[in-house]
Amino acid sequence: MRLLIKLGGTLLDAPESRHALAAQLAEARAGGAELVVVHGGGKQMTRYLAERGIESRFVNGLRVTTPETVDAVLKVFAGSVNHELVASLNSAGAAAVGLSGIDAFLVEAEQMDPALGAVGRVTRCNAALLDVLVAGGYLPVVACVAGDRQGRVYNVNADQMAVACATAFGAQRLVFLTDVEGVMDADRRVRAVLTAAESRSLIADGIATGGMQAKLTAALAALAGGVEQVRIAPGAAPNILARILDGQEIGTRMTLGEGRTA
């Protein structure tokens with residue numbers, strides 16, 4: 001089974017959480033999953049910028065990326081966060097390889113909106129590099145940074161990055177491990193199953209905003225792109241990955257068709 005796991009940056013901030021997730025990923029890979037990991041690092045980025053007196057601004061869940069922020073994107077996302085995760089995975093026996101979208105044109109992007117600065121919209125994902133690494137027994141770990149053919153660097157929302165890699169890689173499953181229990185409805189209940197139409201309604205009604213809006217939009221794009229299963233689940237829950245792969249209904253499972261209430 002081809003599987004892409006997107007890890008939220010909050011889960012990677014503490015060494016204990018990072019090591020626990022690394023062990024689960026290494027176990028899934030050892031069990032035969034053809035695995036790719038994409039990660040964020042928003043919490044670490046906000047802290048890095050704040051330490052330098054730079055305010056973080058967001059529009060619809062996307063970080064406004066000024067020229068000075070691009071430097072931080074490379075240092076934090078493709079630097080410390082990526083390499084700390086790779087080190088944890090290697091210590092768990094996973095033979096991880098740290099990448100960003102810039103490497104070998106893995107993920108190409110264009111400017112999404114001048115008002116957002118160097119925030120990128122993915123235009124193409126070239127999964128050949130992922131195929132080569134996975135076939136060779138390695139675990140690709142992709143930071144949410146992309147480039148273009150002119151050498152420009154873009155900050156790409158990590159959820160969108162995960163979708164681009166998942167669809168190009170041919171992943172059957174896409175799992176967003178995050179710092180919330182799942183997708184909540186208007187009554188603040190976690191929905192076990194959520195259809196595409198229901199997801200769009202949560203966004204239109206202003207119930208899913210900010211980061212969750214971006215996550216739902218990404219999940220819808222993954223389903224439309226051919227990914228069979230998309231799940232949004234609490235990454236800090238014990239043994240979360242094995243439970244999901246065993247078929248437990250934890251978090252929110254996204255579907256194209258009719259759903260049911262949690």
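In this predicted model, the side chains of threonine 65 and asparagine 155 are joined by a polar contact of 2.9 Å. Threonine 65 is located in the loop between strand E4 (62–63) and helix H4, and it counts as buried because its relative accessibility is 1%, where buried means under 20%. When residues up to four places away in sequence are left aside, threonine 65 touches Val70, Val73, Leu116, Gly117, Ala118, Val119 and Asn155, so that asparagine 155, the partner in the polar contact, also appears in this list of contacts.

Helix H2, which covers residues 15–30, was examined for its length and for its surroundings. At 1.5 Å a residue, its 16 residues should span 22 Å, and this agrees with the end C-alpha atoms, which are 22 Å apart. The buried residues of H2 are Arg18, Leu21, Ala22, Gln24, Leu25, Ala26 and Ala28. An α-helix has 3.6 residues a turn, and therefore residues three or four places apart point the same way. The partners against which the buried residues of H2 pack include strand E1 (2–7), helix H1 (9–13) and strand E2 (34–39), and further elements in this packing are helix H4 (67–91), strand E11 (173–178) and helix H9 (240–245). After H2 comes glycine 32, which has a positive phi near 110°.

Strand E14 (residues 252–255) pairs in the parallel sense with strand E12 (residues 193–195), over three bridges, and within this pairing valine 193 has arginine 253 as its bridge partner in E14. Strand E13 (residues 229–234) is also joined to E14 by three bridges, but these two strands run antiparallel. Here arginine 231 stands opposite arginine 253 of E14.

Arginine 231 takes part in a salt bridge as well, since its side chain meets that of glutamate 249 at 3.5 Å, N to O. The pair links distant parts of the chain, with arginine 231 in strand E13 and glutamate 249 in the loop between H9 and E14, 18 residues apart. The two partners differ in their exposure: arginine 231 is buried, because its relative accessible area is 7%, whereas glutamate 249 is partly exposed, because its relative accessible area is 41%.

The salt bridges of the model come to a count of 17. Side chains of opposite charge can pair when their charged atoms come close. In one of these salt bridges lysine 6 is paired with aspartate 159, and the closest N and O atoms are 3.1 Å apart. This pair connects distant parts of the chain, as lysine 6 belongs to strand E1 and aspartate 159 to helix H6 (residues 158–169), 153 residues apart. Both lysine 6 and aspartate 159 are buried.

A further salt bridge is formed between arginine 124 and glutamate 108, whose closest N and O atoms are 4.0 Å apart. It too links distant parts of the chain, with arginine 124 in strand E7 (residues 120–125) and glutamate 108 in strand E6 (residues 107–111), 16 residues apart. With a relative accessible area of 47%, arginine 124 is partly exposed, while glutamate 108, at 9% relative accessibility, counts as buried. Finally, a network of salt bridges links Arg2, Glu34 and Asp131.

Notes. Residues numbered from 1 in each chain as written. Predicted model: local features only at pLDDT ≥ 70, side-chain atom pairs only at ≥ 80, totals over all residues. Heavy atoms only, no water. Pairing = 2+ DSSP bridges. Helix = DSSP H or I, 4+ residues; strand = E, 2+ residues; numbered from the N terminus. Expected span 1.5 Å × (residues − 1). Buried < 20%, exposed > 50% of the residue type's maximum accessible area, 1.4 Å probe, protein only. Contact = heavy atoms within 4.5 Å. Polar contact = N/O pair within 3.5 Å; in protein donor to acceptor, adjacent residues only side chain to side chain.
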